Amino acid sequence: MEVYPWWTDEQKAFQEEMTAFVEEIMPRDAETRWKREFPWDIFKAIGEKGYTGAGVPKEYGGMGMGATGACIAAAAMNRTPGPGRIYVGNMLGGLRQIIEFGDEEQKKRFLPRISKGEIGAIVITEPVAGTDAAAQVTGARRDGDAYVLNGKKRFIVSAGVADRYMVYARTSDDAEDRRKYRHLTAFIVEKGTPGFSVEKINEIIGFENIQNGVLDFKDVRVPVSNMLGEEGQGWSVMTAGLNFERTLISAQTAGWMEELLRNTVPYCQRRVQFGKPTISFLNNQFKVADLVSRLKIARLLSFYTAYLWDLGWDITLECNMAKVYNAESVMASSLDAIQVMGGDGLTPFYPLSAIMHVAKVENIAGGTMDACRMVIHRTAMRQMAQEFKQPRRVIHEELGVPVPTAENPQRAGRVDEDSLLKILAEDYRVNPGLHMNREDMSLHFDVPDEKLDEVLLSLEQKGWALLNRDKKGIALAKATYDGLERAFPKDHYKWFPDWATEDRIF
Ligand SMILES: Cc1cc2nc3c(=O)[nH]c(=O)nc-3n(C[C@H](O)[C@H](O)[C@H](O)COP(=O)(O)OP(=O)(O)OC[C@H]3O[C@@H](n4cnc5c(N)ncnc54)[C@H](O)[C@@H]3O)c2cc1C
């Protein structure tokens, strides 16, 4: 089994132990899948071993192996994709919220229960709120020492079999709170609370021996002591939880990729067509090569992200990247593996089609690929702003073409129409299709924003500049054709390569 140089001896030994444990439970997992039973005994065994405590600190009854330990367990457990999903997303997925936002009493109450294998559920999605999770309408109203919850949630993994439900509900309808994401609050709702029931169990691909359903909340009184974080902090609690869940999901997909290879390679070493094992065909070798590459990259992404978690870094970018890359890769690998195994790959007598099903599930559950990409984009724009600075280019004096420059222009202490128009016109020579943004213009002018706005508006009124506005005001500017003509004589813009002889130019 692959280990990483930064793992502790304890983590390396844990991977071996988990691998052996999963070998033992696989027969029972297969049986419960065919019989469509919930594998209670598997979860009992996991609890007895304390494996759900992999990421729980030791002082709360866990193994204290951090995100790395949780990911080791997640990858190993997913040779059994059903129990693996519950183990990862729901038992461990509810963990981070309590570690980050729970008070001491809540940590002492809930974390040991997670370590002992108590099944939990993450409860965000509603009939009207999917990707737009902030649009939740399930409400929580304060009444004395409790909140009263009313509403419905859907697509909830472990609905009915979980004891602990991490529920997000709306505590404010104020427009400003909504705009600032202060309208949600997180609660732990426990099984058996009056008014809390399962409305429906869904049929979902890949969920043969586990379950997913709709939850109903009718005047459910949840004690204030079960609120995680402050009222209005639900969005932050949810985001912390999703980041951890996405890290774990990315590790579980690595487990599936291992399982695909474990089946595909031995199969095509033994399958003979045209007098040769099918592994000898180059097309099958290339698919196996892709399966290996995706697995190695997926593991690296997952365990690097887990390592950063354990160092206390912000992993928003990495965990979303890992989820997108890994979920799409395992989907592609499951299709390739099935292709390599031909018809046998499509039967449920091998695990490939089951992995294809759960791979598709992970392209949607825990945040769709689009939702994760939205987070990657937003986070990268903020964190990598320095790397996205436009390389500065100027027109080369002799060649007359745009070339990079290491020098910044001298900044003028004042700005007027002529000087600004000349800058916009010069930018047309360098970047004819682009507008200049405020940062580009401020490289030339050391003046207050209001002064620059005043001159830009005046240029716009005269028809010499095109302005593009965002919600903060003028964002981008460009010289119009009239503006170009006003800034410089026509010849200033002309440029022809040497081979363009006069007979070709008018
Ligand atoms: C098997 C399974 C298990 C799940 N488990 C849980 C669970 O345990 N707990 C829980 O709370 N939820 C759970 N979910 C819900 C899951 O998180 C949502 O299904 C998911 O967030 C997408 O929401 P949706 O299905 O309503 O799709 P929609 O939000 O309706 O999206 C449909 C499509 O439109 C795209 N889209 C939506 N908005 C945008 C946008 N702004 N820009 C671009 N594209 C967009 C989406 O990416 C998607 O491809 C589960 C779902 C499934 C299928």
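**Stop 1: F187 and its surroundings**

Select F187 in this predicted model. Now show what is around it. Which residues is F187 in contact with, once its neighbours within four places in sequence are left aside? The list begins with A140, Y147, L149 and Y165. It goes on with M166, V167, A169 and T171. V222, N226 and M227 complete it.

Next, widen the selection. F187 belongs to the largest nonpolar core, which has 83 residues. F187 is also listed among the core members with the most contacts inside it. Colour the others in that list: F14, Y87, L149, Y165, V189 and F217. Which helix gives the most to this core? Pick residues 66-77, and you have helix α3, which contributes eight residues.

Another core lies apart from this one. It has 23 residues, including M441, F445, L456 and A479. Keep those four in mind for a later stop.

**Stop 2: strands β3, β7 and β6**

Select residues 146-157 for strand β3 and residues 212-223 for strand β7. How many bridges join β3 to β7? There are nine, and the two strands run antiparallel. Find V148, then look across to β7: R221 stands opposite.

Strands of a sheet pair through backbone hydrogen bonds, either parallel or antiparallel. Show the backbone as you go.

Add strand β6, residues 196-201. β6 pairs with β7 over five bridges, again in the antiparallel sense. Click I201. Its bridge partner in β7 is G213.

**Stop 3: T253 in helix α8**

Move to residues 234-270. This is helix α8, and T253 sits in it. Is T253 buried or exposed? T253 counts as buried because its relative accessible area is 0%, under the 20% cut-off.

Show the side chain of T253. It reaches the backbone oxygen of S250 at 2.7 Å. Then look for residues from elsewhere in the chain. Not counting residues up to four places away in sequence, T253 touches N326, A327 and V330.

**Stop 4: the two domains**

Zoom out a little. Colour residues 238-383 as domain 1 and residues 393-504 as domain 2, following the domain assignment. How far apart do the C-alpha centres of domain 1 and domain 2 lie? The distance is 48 Å.

**Stop 5: an open sheet of three strands**

Select β13, β14 and β15. They form an open sheet in the order β13-β15-β14, with antiparallel pairing. Which are the edge strands? They are β13 (436-437) and β14, and each pairs on one side only.

Take the two pairings in turn. β14 (residues 465-470) and β15 (residues 473-479) pair over six bridges. A hairpin of two residues joins β14 to β15. Click R469, and you will find I474 of β15 opposite. On the other side, β13 and β15 pair over two bridges. There, N437 has L476 of β15 as its bridge partner.

In a regular strand the side chains alternate between the two faces of the sheet. Turn on side chains and look along the strands.

Now add two helices. Helix α13, residues 417-430, lies across β13, β14 and β15. Its direction is at about 65 degrees to β15. Helix α15, residues 449-461, lies across β14 and β15. Helix α15 runs at about 125 degrees to β14. Bring back the core of 23 residues here: M441, F445, L456 and A479 are among its members.

**Stop 6: T480, just past the sheet**

Click T480. Where is it found? T480 is in the loop between β15 and α16 (481-487). T480 is buried, since its relative accessible area is 14%, and the cut-off is under 20%.

Which residues is T480 in contact with, leaving aside its neighbours within four places in sequence? They are G463, W464, A465 and L466. Look closely at G463. Its backbone oxygen lies 2.6 Å from a polar atom of the T480 side chain.

Now draw a line from T480 to F43. They are 437 residues apart in sequence and 69 Å apart in space, C-alpha to C-alpha.

**Last stop: the whole chain**

Show everything. The protein chain has 16 helices and 15 strands. Its C-alpha trace spans about 85 × 80 × 40 Å along its principal axes. Of its 506 residues, 51% count as buried. Finally, take the contacts with a separation of 6 or more: residues 24 or more positions apart account for 72% of them.

Conventions. Residues numbered from 1 in each chain as written. Predicted model: local features only at pLDDT ≥ 70, side-chain atom pairs only at ≥ 80, totals over all residues. Heavy atoms only, no water. Pairing = 2+ DSSP bridges. Helix = DSSP H or I, 4+ residues; strand = E, 2+ residues; numbered from the N terminus. Domains from an automatic or database assignment. Core = buried A, V, L, I, M, F, W, Y, C linked by side-chain atoms within 4.5 Å. Buried < 20%, exposed > 50% of the residue type's maximum accessible area, 1.4 Å probe, protein only. Contact = heavy atoms within 4.5 Å. Polar contact = N/O pair within 3.5 Å; in protein donor to acceptor, adjacent residues only side chain to side chain. Axes fitted to C-alpha atoms, helices over the stretch in contact; angles between N-to-C directions.
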